[in-house]
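Subject: Handing over a structure, with notes on what is in it

Dear colleague,

I am passing a structure on to you, together with some notes to read beside it. Please open it first, and then follow the notes at your own pace.

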Amino acid sequence: MKQFDPTIVANTKYLFFTGKGGVGKTSAACATAVYLADRGREVLLISTDPASNLQDVFATELSNRGTPIPGAPHLTVVNLDPLQAAAEYRESVIAPYRGVMPEAVIANMEEQLSGSCTIEIAAFNEFAGFITDVGVQRKYDHIIFDTAPTGHTLRLLQLPSAWSGFISESTHGASCLGQLSGLESKKEMYRAAVSTLADGGLTTLVLVTRPEEAPLKEAERASLELAELGIRNQILLVNGVLLQCDDPISVKLYEKQQTALNAIPEGLTPLNACMIPLRAYNITGLENVRAMLREDKREVAHRALNTEQFHRMRDVVDSIEKSGRRVVFTMGKGGVGKTTIAAAIALGLAQRGKKVLLTTTDPAAHLKFVLDRADNVAMSHIDEQAELKRYQEEVLSKAQANGLSEEDLAYIEEDLRSPCTQEIAVFRAFAEMVAQAEDRIVVIDTAPTGHTLLLLESTESYDREIQRTKGETPESVKRLLPRLRSAETEVVIVTLPEATPVYEALRLEDDLKRAQIAVGWWVINQSLSQVDTTNALLRAKAGSEVEWIDRIDAHTDGRFALVAWNAGQIKDEKLLDL
């Protein structure tokens, strides 16, 4: 696989970088922007990522109006805040109803407009203006976006019912309904922006991924989804590829990456693919941004960590046992190792004589890769796709019975593809699992987010207000949120010692706080600082983790566990050594 050369994307004005959180979208977008600007192109770089660290990257105070970058005379950077934009948009939609509609209805509307889909629409609203601004088009040779809209959002924009104020007609608890209400005046601007995205002569979509199984599968899903919408001018950019190995740890990492790349998903094989080598340093400061696409620098200050000062997984398990918790959730973004941590907690509690149920939304076969049969541990899994299909059929059947138009049914079908809807679909299964905490400790790998729980709570209130539930809410669901807010429940947030996973974990914690659910422990997984490697690049990479470990240490007041990097699947008794 050849190394990434930005000139291969320089034949289009618009460049959209997209990919799973933590794969290096921002770094790749910044490095491409600087590369083109250094060659005399006028470049506008725009970030719509809520976890953006562009101000750190360029060591410059940024705004939503555009800031010239010292040392890169042809580069201007815009840092949009989609969270603020979403808050302003949410209030603009709801304000006319305050004092008119019952409080339960207002609460339902507020929570529906608090999810990730609304944030993405607010972000799209911001950068659609840049795409369609004639003055911006004339001024810049290239306009680069760090984070592209998903296929789900783009499909919503193309549905007529998206513009109908559909929120007041919601028949289920998903969060996308009504997110476009009140934006009728911008309909043509959105249409023009979507058209530009689909024009291969104007736009290149850069799918950023890592040489790992989960990010590659996510890249395939995004690629196919966007191709269906006509966005077919795509390239695949694999970030963080280890090129050389010279000790046992680096050999294991090299082999793990090559295994993933050799099994690249079929949907990605037609794409022009290139890579960026693994870099030892954080991509901050103009010098490092320039170096990312050219050279490795290993002069990273390596501050050794005193491993004795940090907790291990056994400390987490001891704490859970002593506190008498009955329900334990491991939560975090995809790819951080939640399943392994959940299995370690379950096995640790079982070793201490506790009766445990370990359950996950991953296929049961995946759970068995981590833990075979163990004394005192029962294992189960929630079939997420089966639960989603059942829920979709129920909602559509109800909508059809209400005589909704084909347009409205199409909108509901699209809404049912949203991430929030998928959480809601498995919610009843989660509730049934948690109900088993009466006679055992229940350890659940992944849980509904705080937003989804609040959404369901507000929807239940809304349904009571307009008498829609007709007694259909199961007792296990009614009892779930109070139980999660009680001292019975422990939430363990799992992250990696890197910028994006940490920022996303912090947002997840804020989300849970809104739902009045406390986080007990954090776990920093896959830390290179905890392995004995002589490889110069990996040692330097371990040094770059220290900043994020220190941040979590300060944030949690030391209530976190540090788990060493491991090349393979940790299984059975070895889980107790984490």
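In which sense do S14 and strand S15 pair, and over how many bridges? Strand S14 and strand S15, which spans residues 521-527, pair in the parallel sense over four bridges, and one residue pair to look for is Val494, whose bridge partner in S15 is Val523. Please keep in mind throughout that this is a predicted model.

**The sheet around S14**

Strand S14 also has a partner in strand S10 (residues 327-331), to which it is joined by five bridges, and these two strands run parallel; here Met331 stands opposite Ile493 of S14. The strand S14 itself, made of residues 489-495, is mostly covered, with seven of its seven residues buried. Thr489, Val491, Ile493 and Thr495 point one way from S14, while Glu490, Val492 and Val494 point the other way, and all of them are buried.

If you follow the pairing outwards, you will find an open sheet of seven strands in the order S12-S11-S13-S10-S14-S15-S16, with parallel pairing. Strand S12 (377-381) and strand S16 (560-564) each have a single partner strand, so they stand at the edges, and one side of each is left without a neighbour in the sheet. From one strand to the next, the twist averages 20°. The pairing of S15 with S16 is parallel and runs over four bridges, and Val523, which we met above as the partner of Val494, has Ala561 as its bridge partner in S16. Helix H18 (residues 427-435) packs on this sheet, where it touches S10, strand S11 (356-360), S12 and strand S13 (441-445), and the direction of H18 makes about 150° with that of S13.

**The other sheet**

There is also an open sheet of nine strands, ordered S1-S9-S8-S7-S2-S6-S3-S5-S4, in which the pairing is mixed. Strand S1 (2-3) and strand S4 (67-69) stand at the edges with a single partner strand each, so one side of each has no neighbour in the sheet. Within this order, strand S2 (residues 14-18) and strand S7 (residues 203-209) pair in the parallel sense over five bridges, and the bridge partner of Leu15 in S7 is Thr204. Helix H9 (residues 213-228) lies across S7 and strand S8 (234-241), and runs at about 160° to S7.

Is Phe17, a residue of strand S2, buried or exposed? Phe17 counts as buried because its relative accessibility is 0%. Although Phe17 and Val206 are 189 residues apart along the chain, their C-alpha atoms are separated by 4.8 Å. Leaving aside neighbours within four places in sequence, Phe17 is in contact with a list of residues that includes Lys25, Ile144, Phe145, Val206, Val208 and Leu237.

**A residue in helix H2**

Phe58 has its place in helix H2 (residues 54-58), and it is buried, with a relative accessible area of 6%. Phe58 and Leu286 lie 228 residues apart in sequence, yet they are 5.9 Å apart in space from C-alpha to C-alpha. When residues up to four places away in sequence are not counted, Phe58 touches Cys30, Val34, Leu45, Ile69, Leu75, Val77 and Leu286.

**Two pairs of helices**

Two packed helices are described by the angle between their axes and the distance between the axes. For helix H15 (residues 384-401) and helix H16 (residues 406-415), the axes come within 11 Å and cross at roughly 165°, which means that H15 is roughly antiparallel to H16. The crossing of H15 with H16 is right-handed, and the contact is made by Val395, Leu396, Ala399 and Gln400 of H15 with Leu409, Ile412 and Glu413 of H16. Sorted by class, this contact of H15 with H16 has five nonpolar, one polar and one charged residues.

For helix H12 (residues 313-323) and helix H13 (residues 338-351), the axes come within 9 Å and cross at roughly 55°, so H12 is oblique to H13. This crossing of H12 and H13 is right-handed. Met313, Val317, Ile320 and Glu321 in H12 meet Ile341, Ala344, Ile345, Gly348 and Leu349 in H13, and the residues of that contact divide into seven nonpolar, one polar and one charged.

With best wishes

Definitions and conventions: Residues numbered from 1 in each chain as written. Predicted model: local features only at pLDDT ≥ 70, side-chain atom pairs only at ≥ 80, totals over all residues. Heavy atoms only, no water. Axes fitted to C-alpha atoms, helices over the stretch in contact; angles between N-to-C directions. Parallel < 35°, antiparallel > 145°, perpendicular 65-115°, else oblique. Left-handed = near helix turned anticlockwise from the far one by under 90°. Contact = heavy atoms within 4.5 Å. Nonpolar A, V, L, I, M, F, W, Y, C, P; charged D, E, K, R; others polar. Buried < 20%, exposed > 50% of the residue type's maximum accessible area, 1.4 Å probe, protein only. Pairing = 2+ DSSP bridges.
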